[in-house]
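Student: I've got a model to go through, and I'd like to test each label against its rule. Can we take it one term at a time?

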Amino acid sequence: MSVLECKGLTKRYGRVSALEDVALTIEPGRIVGLLGPNGSGKTTLIKLANGLLTPDEGYISICGAAPGRETHGLVSYLPERTAIPTWMSAKQLLDFYGDFYADFRRDVAEEMLARLNIQPRQIIKHMSKGTREKVQLIMVMSRAAKLYLLDEPIGGVDPATRDYILSTIIGSYNPEAAVVISTHLIADVEQVLDGVIFINQGRVMLQSTVDQIREDKGMSVDALFREVFRC
């Protein structure tokens, strides 16, 4: 069964279509890049999959079910902005996730926090911006979810932090799940991607494996993206 499937998916804000007749399928065990210019519909698609928005037309499903209460336990979502409670300590955050999510793997989270030398009593608001982003990603990736939705997980952080975040994504996600990474930093994430979806003005322009792009086009995903979306 597909982890994420859309057919005829349409979402409008007033008279403006954020997504128009989107059809796509994402299978288990895949890390997929959701790639497109600003305002192309990437965040809208992620919010629809997470049940934060409802479609105007068409169909979207997570493991065969429409997004809602039934799928909240299947989806682990990293928003573009840091959303963890900054007044909490690292331990309080672990307790919070453990209470809130039945699939939270506390041992996995504790191991990664220890690797960052984050002490249990350390307060999140006293951490650097990069460290807070690492901590939020660790919480998201420490769930045994079926679908991980990561909205700009490496935006605004230094190259070393990017490397840590990407290695965390590869090393800690449930292999029976799928990961969707929405980002503008294609060259940085291309190494971890199995497939890509190009989206522009709310429409899917391409869905392909990374290997197929390199074989058919003779270029990297980043190079193809620059060619397709050249101004």
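Tutor: Sure, and keep in mind that this is a predicted model. Start with the word "pocket": it is an open set of grid points with protein on both sides within 12 Å along at least five of seven lines, and its volume is the space filled by probe spheres set on the points.

Student: What volume does the second largest pocket have, then?

Tutor: About 160 Å³ of space lies in it.

Student: What makes a residue part of the lining of the second largest pocket, and which residues qualify?

Tutor: A lining residue has an atom within 4 Å of a point. Those of the second largest pocket are Leu78, Pro79, Glu80, Arg81, Thr82, Lys129, Glu133, Gln136, Asp151, Glu152, Pro153 and Gly155. Helix 4 supplies the largest share, three residues. By class, six are charged, three polar and three nonpolar; Gly counts as polar and Pro as nonpolar, so Gly155 goes with the polar ones and Pro79 with the nonpolar ones.

Student: And the largest pocket: what is its volume, and what lines it?

Tutor: Its volume is about 390 Å³. It has 19 lining residues, and the closest to its centre are Asn50, Tyr77, Tyr97, Tyr101 and Arg143. Two or more residues each come from strand 5 (75-78), helix 2 (90-100) and helix 4 (129-141), with helix 2 giving the largest share, four residues. The class split is 13 nonpolar, five polar and one charged. Tyr counts as nonpolar here, so Tyr77, Tyr97 and Tyr101 fall in that class.

Student: Why is some empty space called a cavity rather than a pocket?

Tutor: The test is escape: in a cavity a 1.4 Å probe fits but cannot get out, whereas a pocket is open. One cavity of 30 Å³ or more turns up in this model. The largest cavity has a volume of about 50 Å³, so it clears that 30 Å³ limit.

Student: How do you know which class the lining of the largest cavity belongs to?

Tutor: Check the names: Leu4, Ile26, Leu34, Leu45, Ile46, Ala49, Leu149, Val180 and Ile197. Leu, Ile, Ala and Val are on the nonpolar list, and the tally is nine nonpolar, no polar and no charged. Helix 1 (residues 42-49) gives the most, with three residues.

Student: What makes Asp95 and Lys91 a salt bridge?

Tutor: The rule wants a side-chain nitrogen of Lys or Arg within 4 Å of a carboxyl oxygen of Asp or Glu. For Asp95 and Lys91 the N to O distance is 2.9 Å, so the pair passes. They are four residues apart in helix 2, which separates them by about one helical turn. Lys7 and Glu5, at 3.5 Å, also meet in a salt bridge. The count for the model comes to 11.

Student: What other partner does Asp95 have, and where does that partner lie?

Tutor: Asp95 also forms a salt bridge with Arg106, with the closest N and O atoms 2.7 Å apart. Asp95 lies in helix 2 and Arg106 in helix 3 (residues 106-115), so the pair ties together parts that are 11 residues apart in sequence. Through shared partners, salt bridges join Lys91, Asp95, Arg106 and Glu110 into one network.

Student: Why are Asp95, Lys91 and Arg106 called partly exposed?

Tutor: Partly exposed runs between the buried limit, under 20%, and the exposed limit, over 50%. Asp95 has a relative accessible area of 27%, Lys91 has 41% and Arg106 has 28%, so each falls in that middle band.

Student: Is Ser182 buried or exposed, and how do you know?

Tutor: Its relative accessible area is 0%, and buried means under 20%, so Ser182 is buried. It sits in strand 7 (residues 178-182). Leaving aside neighbours within four places in sequence, Ser182 is in contact with Leu34, Lys42, Ile46, Leu150, Asp151, Glu152 and Pro153.

Student: Last one: which residues have the most contacts inside the largest nonpolar core?

Tutor: Tyr148, Leu150 and Ile169, in a core of 30 residues. Beyond its neighbours within four places in sequence, Ile169 is in contact with Leu137, Met141, Leu150, Val179 and Ile181. Apart from that core lies another, of 24 residues, among them Val22, Leu34, Leu45 and Leu48.

Note on methods
Residues numbered from 1 in each chain as written. Predicted model: local features only at pLDDT ≥ 70, side-chain atom pairs only at ≥ 80, totals over all residues. Heavy atoms only, no water. Core = buried A, V, L, I, M, F, W, Y, C linked by side-chain atoms within 4.5 Å. Buried < 20%, exposed > 50% of the residue type's maximum accessible area, 1.4 Å probe, protein only. Contact = heavy atoms within 4.5 Å.
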